[in-house]
Amino acid sequence: MHREHHVTSSETIRDIVIGMSDGLTVPFALAAGLSGAVSSSALVVTAGIAEIVAGSIAMGLGGYLAGRTEVDHYQSELKREYDEVERVPDQEKAEVKKVFASFGLSKHLQDEIADELAKDKTQWVEFMMRYELGLEEPDANRATQSAITIGISYIVGGIIPLSPYIIIHEAQEALYYSCGVTIICLFIFGYFKSKMTGQPALSGALKVVIIGALAAGAAFTMAKLITGK
């Protein structure tokens with residue numbers, strides 16, 4: 001028996017990926033940079049927690065605004081389509097026929113389908129939204145869900161590179177453990193993210209690790225250059 005496997009929660013996965021990837025990378029880079037300038041882990045932890053709080057709020061708010069923008073855009077286009085089927089129905093019918101012409105249907109079928117759709121204004125407008133404009137109706141609650149998912153994912157990701165600094169008082173020593181733990185988590189995260197989205201898992205994991213390592217390395221080097229330590 002043929003079984004099809006599709007990712008059905010792509011938006012939630014996208015939000016987790018956005019939150020986790022930034023949560024792992026940004027606090028990791030910040031902690032690495034501070035480790036190159038200070039010796040106390042307490043300072044790194046304080047700055048790291050402040051960054052996680054601010055970053056999760058900023059990322060969550062960004063996800064919320066993106067979701068609201070999508071809803072507002074859809075509603076604006078929906079209103080415009082209803083207006084157009086009232087004012088210029090013949091033109092809208094011609095656009096329906098154009099869609100089905102691209103599917104290879106005959107002129108006779110194009111005319112029949114356009115006439116049938118025109119009998120139900122709601123279905124007509126929904127058809128135009130989907131096939132003319134390429135818009136699917138977004139979930140009105142999606143913006144709030146996206147904000148919460150991104151924010152929590154950012155916090156979870158951000159705690160990982162900071163955890164060694166909570167246990168180890170010397171920042172330089174804690175940095176080594178932070179690098180090891182974070183790189184392992186970046187690899188695991190990148191692997192499963194790629195696996196779930198149908199991408200090559202190993203190469204996807206390595207890309208995530210390289211990005212995180214480069215960000216942390218650049219921050220650490222910059223801090224060393226500025227402080228001269």
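The exercises below concern a predicted model.

**Exercise 1. Tyrosine 165**

Task: Locate tyrosine 165, decide whether it is buried or exposed, and describe its surroundings.

Solution:
- Step 1. Helix 6, which covers residues 142-167, contains tyrosine 165.
- Step 2. The relative accessibility of tyrosine 165 is 2%; the limit for buried is under 20%, so the residue counts as buried.
- Step 3. With residues up to four places away in sequence not counted, tyrosine 165 touches Ala31, Ala32, Ser35, Ser41, Val44, Val45, Ala171, Ala174, Leu175 and Ser178.
- Step 4. One of these, serine 35, also makes a polar contact, side chain to side chain, with tyrosine 165 at 2.7 Å.
- Step 5. Tyrosine 177 lies twelve residues from tyrosine 165 along the chain, and their C-alpha atoms are 8.7 Å apart.

**Exercise 2. Glutamate 51**

Task: Place glutamate 51 in its helix, classify its accessibility and list its contacts.

Solution:
- Step 1. Glutamate 51 belongs to helix 2, residues 41-87.
- Step 2. Its relative accessibility is 19%; because buried means under 20%, glutamate 51 counts as buried.
- Step 3. Setting aside neighbours within four places in sequence, glutamate 51 has contacts with Val26, Pro27, Leu30 and Tyr154.

**Exercise 3. Cysteines 179 and 185**

Task: Explain why cysteine 179 and cysteine 185 are not bonded to each other, and classify the accessibility of cysteine 179 and of cysteine 185.

Solution:
- Step 1. For cysteine 179, the closest cysteine sulfur is that of cysteine 185, at 12 Å.
- Step 2. For cysteine 185, the closest cysteine sulfur is in turn that of cysteine 179, at 12 Å.
- Step 3. A disulfide requires sulfur atoms within 2.5 Å; the 12 Å separation is therefore too far for a bond.
- Step 4. Across the whole structure, the search finds zero disulfides.
- Step 5. Cysteine 179 is partly exposed at 25% relative accessibility, and cysteine 185 is partly exposed at 23%.

**Exercise 4. The nonpolar cores**

Task: Describe the largest nonpolar core and identify which residues in it touch the most other members.

Solution:
- Step 1. The largest nonpolar core has 14 residues, and Val96, Trp124, Phe127 and Met129 touch the most other members.
- Step 2. Two or more residues of this core come from each of helix 2, helix 3 (89-102), helix 4 (107-118) and helix 5 (121-132).
- Step 3. Helix 5 gives the largest share, five residues.
- Step 4. Phenylalanine 127 is in contact with Val96, Val99, Phe100, Leu117 and Glu132, leaving aside neighbours within four places in sequence.
- Step 5. Another core, of 13 residues, lies apart from the largest one; its members include Val45, Leu162, Ile168 and Ala216.

Definitions and conventions
Residues are numbered from 1 along each chain as its sequence is written. This is a predicted model: local features need pLDDT of at least 70, side-chain atom pairs count only at pLDDT 80 or more; totals for chains, interfaces and linings use all residues. Side-chain values use heavy atoms; hydrogens and water are left out. Helices (H or I, at least four residues) and strands (E, at least two) are DSSP runs, numbered from the N terminus. Buried means under 20% relative accessible area, exposed over 50%, partly exposed in between (1.4 Å probe, protein chains only). Contact means heavy atoms within 4.5 Å. A polar contact is a pair of N or O atoms within 3.5 Å; within protein, one must be able to donate a hydrogen and the other to accept it, and residues adjacent in sequence count only if both atoms are side-chain atoms. A nonpolar core is a set of buried Ala, Val, Leu, Ile, Met, Phe, Trp, Tyr and Cys residues joined through side-chain atoms within 4.5 Å.
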